[in-house]
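Open the model in your viewer and keep the sequence panel visible. The stops below are meant to be selected one after another.

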Amino acid sequence: MPAAYGRRGGAPAPTRLGERLRAAGEESAEPWAAHEVAVRRHGRMRVEHPLTGELP
């Protein structure tokens, strides 16, 4: 379950995401159902886009 879903109590966007994950199959549905969520409070994330390279 994404942190946004937990914080917003079933807001439409995270609810739709959960529905799509459950519909995609067991591999996607299991982590959602397990409620394995952590909110990152520090640290940096590096994203490497296949066309544009590293994103800030």
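The tour goes from the whole chain to the helices, then to the strands and their side chains.

This is a predicted model, in which local features need pLDDT of at least 70 and side-chain atom pairs count only at pLDDT 80 or more, while totals for chains, interfaces and linings use all residues. Residues are numbered from 1 along each chain as its sequence is written, and side-chain values use heavy atoms, with hydrogens and water left out.

**Whole chain.** Colour by secondary structure. The chain has three helices and two strands, in the order α-α-α-β-β along the sequence. Helices (H or I, at least four residues) and strands (E, at least two) are DSSP runs, numbered from the N terminus. Switch to a surface: the chain exposes about 4900 Å², and carbon and sulfur atoms supply 53% of that area. Accessible areas come from the Shrake-Rupley method with a 1.4 Å probe, and for residues only the protein chains shown count as cover. Of the 56 residues, 12% are buried. Here buried means under 20% relative accessible area, exposed means over 50%, and partly exposed lies in between (1.4 Å probe, protein chains only).

**Helix H2.** Select residues 12–24, which form helix H2. How far apart are its end C-alpha atoms? They are 18 Å apart, which agrees with the 18 Å expected for 13 residues at 1.5 Å a residue. The expected span is 1.5 Å times one less than the number of residues. Step on to Gly25, just after H2, where phi is positive at about 130 degrees.

**Helix H3.** Next take residues 26–34, helix H3, and pick out Pro31. Pro31 is partly exposed because its relative accessibility is 40%. Draw a distance from Pro31 to Leu21: the two are ten residues apart along the chain, and their C-alpha atoms are separated by 9.3 Å.

**Strands E1 and E2.** Select residues 47–49 for strand E1, which includes Val47, and residues 53–55 for strand E2, which includes Gly53. Is Gly53 buried or exposed? Gly53 is buried, since its relative accessibility is 19%. Leaving aside residues up to four places away in sequence, Gly53 touches Val47 and Glu48; contact means heavy atoms within 4.5 Å.

**Nonpolar patch.** Stay on Val47, which at 35% relative accessibility counts as partly exposed. Add Met45 and Leu55: with Val47 they make a nonpolar surface patch of about 270 Å². Patches are made of residues with over 30% relative accessible area and no salt bridge; like charges are joined within 9 Å, and nonpolar side chains (Val, Leu, Ile, Met, Phe, Trp, Tyr) within 5 Å.

**Salt bridges.** Side chains of opposite charge can pair when their charged atoms come close. A salt bridge is a side-chain nitrogen of Lys or Arg within 4 Å of a carboxyl oxygen of Asp or Glu. How many does a search of the whole structure find? It finds two. Show Arg46, which is exposed at 60% relative accessible area. Arg46 bridges to Glu48, with the closest N and O atoms 3.1 Å apart, and Glu48 is partly exposed at 49%. Arg46 also meets Glu54, at 3.3 Å from N to O, and Glu54 is exposed at 52%. Through shared partners, these bridges join Arg46, Glu48 and Glu54 into one network.
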